[in-house]
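Trainee: Got a minute? I'd like to go through this protein with you.
Mentor: Sure, put it on the screen and ask away.

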Amino acid sequence: MGNEIITPSIPIILASASKIRYEILKKAGIEFSVVISNVNEEELKNKILNKSIKEKATILASEKAFNVSKSNPNSYVIGADQICSLNDKIYSKPHNMDNAIKQLKELSGKTHKQTSGISLYYNSKLIWAYAEEAELTMYELQQNEIIKYLEIEKPFSSCGSYKYESLGIHLFSKVTGKNETIQGLPLIELLKQLRKNKVYSLNNIKA
């Protein structure tokens with residue numbers, strides 16, 4: 001894709017501070033803006049401890065979209081959230097080297113999941129919510145490999161302590177699922193919903 005832009009019939013807002021989600025949507029050529037929600041995620045997570053991982057991902061995504069939709073009623077708002085898990089254990093952002101080393105040691109040689117929740121809101125009303133999973137099998141990593149990778153990539157704001165979109169891909173022997181799901185934005189399903197709700201059409205492409 002070159003510099004083509006698809007202008008939606010209704011403005012689209014991405015309610016996320018994630019750079020990779022921004023890049024995924026931008027690469028698709030969709031015209032959109034970014035408004036970051038001010039949802040207290042930690043407080044919300046404590047309220048949904050008993051929910052399944054897919055439910056948690058969609059609830060968090062929906063709350064972010066709803067928060068932004070309240071002050072932007074005439075736009076379609078996309079909310080997204082991602083959860084990295086091994087069995088029932090959830091891996092949050094490591095924030096520092098020590099935590100990242102610990103996470104990669106625990107994931108080494110095992111198959112874990114990345115669950116991406118996504119939602120669409122319009123005028124404070126939920127239009128659609130969805131969760132999609134991908135499974136990733138990590139190589140048996142040596143301590144020196146883990147430290148070397150972390151020193152170079154510094155993925156301390158990434159759940160699971162890796163950036164799959166760059167050097168992190170070398171950590172895996174097998175992957176089942178879509179790249180965009182692993183990166184936190186199930187793009188195909190999102191575009192399907194935007195078309196279904198007549199938010200955009202290929203007739204809107206401008207070269």
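Trainee: Which residue in β4 is the bridge partner of I12?
Mentor: Y76 is the bridge partner of I12. Strand β2 covers residues 12–14, and 3 bridges join it to β4. The two strands run parallel. Strands pair here if DSSP finds at least two bridges between them.

Trainee: Before we go on, what kind of model is this?
Mentor: This is a predicted model, where local features need pLDDT of at least 70 and side-chain atom pairs count only at pLDDT 80 or more, while totals for chains, interfaces and linings use all residues. Residues are numbered from 1 along each chain as its sequence is written, and side-chain values use heavy atoms, with hydrogens and water left out.

Trainee: OK. How many helices and strands are there?
Mentor: The protein has 7 helices and 9 strands. Both are DSSP runs numbered from the N terminus: helices are H or I with at least four residues, strands are E with at least two.

Trainee: Why call it as compact as a globular protein of that length?
Mentor: The radius of gyration is 18 Å, and the globule rule gives 17 Å for 207 residues, so the protein is as compact as a globular protein of that length. The radius is taken over C-alpha atoms, and the rule is 2.2 Å times the number of residues to the power 0.38. Along the principal axes, the C-alpha atoms fill a box of roughly 50 × 40 × 25 Å.

Trainee: Back to β4. Which other strands does it pair with?
Mentor: Strand β6, residues 111–122, shares 10 bridges with β4 and runs antiparallel to it. In that pairing, D81 stands opposite G117. Strand β5, residues 89–91, is also antiparallel to β4, with 3 bridges. There, S85 has I90 as its bridge partner.

Trainee: What's going on at N87?
Mentor: N87 takes a positive phi near 60 degrees. It belongs to the hairpin of β4 and β5, which has 2 residues between the strands.

Trainee: Is β4 enclosed or open, and why?
Mentor: All 11 of the 11 residues in β4, 76–86, are buried, so the strand is largely enclosed by the rest of the structure. Buried means under 20% relative accessible area, exposed means over 50%, and partly exposed is in between (1.4 Å probe, protein chains only).

Trainee: Which residues sit on each face of β4?
Mentor: One side has Y76, I78, A80, Q82, C84 and L86. The other has V77, G79, D81, I83 and S85. Both faces are covered. In a regular strand, side chains alternate between the two faces of the sheet.

Trainee: And how much of the whole protein is buried?
Mentor: Of its 207 residues, 46% count as buried. The protein exposes about 11000 Å², with carbon and sulfur atoms supplying 48% of that. Those areas come from the Shrake-Rupley method with a 1.4 Å probe; for residues, only the protein chains shown count as cover.

Trainee: New topic. Where is Q103, and what does it touch?
Mentor: Q103 lies in helix α4, residues 97–107. At 9% relative accessibility, Q103 is buried. Leaving aside neighbours within four places in sequence, its contacts are Y91, S92, K93, P94, G160 and S161. Contact means heavy atoms within 4.5 Å.

Trainee: S161 is in that list. What is its phi?
Mentor: S161 has a positive phi of about 70 degrees, although it is not a glycine. It sits in the loop between α5 (143–153) and β8 (172–176). S161 is buried, at 0% relative accessibility.

Trainee: What about K198, buried or exposed?
Mentor: K198 is exposed, at 67% relative accessible area. Its phi is positive too, about 55 degrees, and it is not a glycine. K198 is in the loop between α7 (187–196) and β9.

Trainee: Which residues does F172 touch?
Mentor: F172 touches H112, L136, T137, M138, Y139, Y162 and Y164, not counting residues up to four places away in sequence. F172 is in strand β8 and is buried, at 7% relative accessible area. F172 and L136 are 36 residues apart in sequence, yet 6.7 Å apart in space, C-alpha to C-alpha.

Trainee: Last one. How far is I205 from N50 in space?
Mentor: They are 44 Å apart, C-alpha to C-alpha, and 155 residues apart in sequence. I205 is in strand β9, residues 205–206. I205 is partly exposed, at 41% relative accessible area.
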